[in-house]
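Student: I've got a model with a ligand in it open on my screen. Can you walk me through how to read it?

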Amino acid sequence: MSEQPAIAVLISGSGSNLQAILNASERGEIPCRVGIVISNKADAYGLVRAEKHGVPTEVVDHRGFPNREEFDAKLVEIIRGNGAELVCLAGFMRVLTPVFVRAFPNRILNIHPALLPSFPGTHGPGQALSYGVRFSGCTVHFLDEGVDTGPIIVQAVVPVYDEDTVETLAARILVQEHRIYPMAIRLFFSGKLKIEGRRVRVSGEPRIPEFFHRNPDA
Ligand code: GRF
């Protein structure tokens, strides 16, 4: 049996989305393996998760580079050297420049803890709470050269309750992130995703929104 295609996962912290991807890969739910995990932080717990699964890791500390472009060029070099066919940003807290985005056209996914285009940036759950929305959620999208602006592949919705704090809302959203990130990776490797302008179509399948009530843990 030939080896499955490799993906690169980029993290900066806990790596719970990385864990969901590792689990999905080991259960055969996505047709790929995690070939490398790269972190810009040496103390990211996601590195421990990767090592527990026998996945090679690299730390590339952004502070060691004179500018974003040179940092990005180093990431590109590592990922190309590893032969990864898809790059998954999973809590990677650096904005990537066109040097990175153009190296892997339509082959970079990102997960964001809000229903884009609402609340882009680094405080999705907190901003949803202060704005007073009754529903929030998460989004997996292709990376483009903007911040959290690329074509959307999958979204999931969660309710916002009166008694929520940023932490309880973020935790409810995270449950859904762990579900939709592997789903988006599976769709990517199905070869059925077609980007038409801003819209991502799954050829041959209707687009069914993934609502929170399908998941009893939500
Ligand atoms: C997630 O909420 C993700 O959407 C955001 O950063 C967080 C990372 O969590 N981009 P983890 O490191 O995967 O646990």
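Student: Let's begin with polar contacts: which backbone does an oxygen atom of the ligand approach at 2.8 Å?

Tutor: Look for N or O pairs within 3.5 Å. In this predicted model, an oxygen atom of the ligand is 2.8 Å from a polar backbone atom of Asn17. Ser14 adds a side-chain case, with its N or O atom 3.3 Å from a ligand oxygen. Over at Ile111, a backbone N or O atom sits 3.3 Å from a nitrogen atom of the ligand.

Student: And how much of the ligand's accessible area does the protein cover?

Tutor: Take the ligand on its own, with 370 Å² of accessible area; the protein covers 80% of that. As for location, the ligand sits in the largest pocket.

Student: Which residues are around the ligand?

Tutor: Among them are Gly15, Ser16, Gly91, His112, Pro113, Leu174 and Glu177. Sort the shell by character and you get 3 nonpolar, 6 polar and 1 charged.

Student: Which elements each supply at least two residues of that shell?

Tutor: Those are α1 (16-26), β5 (108-112) and α6 (166-190). Zoom out to domains, and domain 1 (1-104) and domain 2 (110-218) each give at least three residues to the shell.

Student: Now the backbone. What kind of peptide bond joins Leu116 and Pro117?

Tutor: The general idea is that most peptide bonds are trans, and most residues other than glycine have a negative phi. Here, Leu116 and Pro117 are joined by a cis bond, with omega about 10°. You'll find Pro117 in the loop between β5 and α5 (124-131).

Student: What is phi of Asn106, and where is that residue?

Tutor: Phi of Asn106 is near 55°, so to speak a positive value in a non-glycine residue. Asn106 belongs to the loop between α4 (98-101) and β5.

Key
Residues numbered from 1 in each chain as written. Predicted model: local features only at pLDDT ≥ 70, side-chain atom pairs only at ≥ 80, totals over all residues. Heavy atoms only, no water. Near = heavy atom within 4 Å. Polar contact = N/O pair within 3.5 Å; in protein donor to acceptor, adjacent residues only side chain to side chain. Areas by Shrake-Rupley, 256 points an atom, 1.4 Å probe, with all protein chains shown as cover. 1 Å grid on protein atoms, 1.4 Å probe; cavity = no way out; pocket = protein on both sides within 12 Å on 5 of 7 lines; lining within 4 Å. Sits in = over half its atoms within 2 Å of the grid points. Helix = DSSP H or I, 4+ residues; strand = E, 2+ residues; numbered from the N terminus. Nonpolar A, V, L, I, M, F, W, Y, C, P; charged D, E, K, R; others polar. Domains from an automatic or database assignment.
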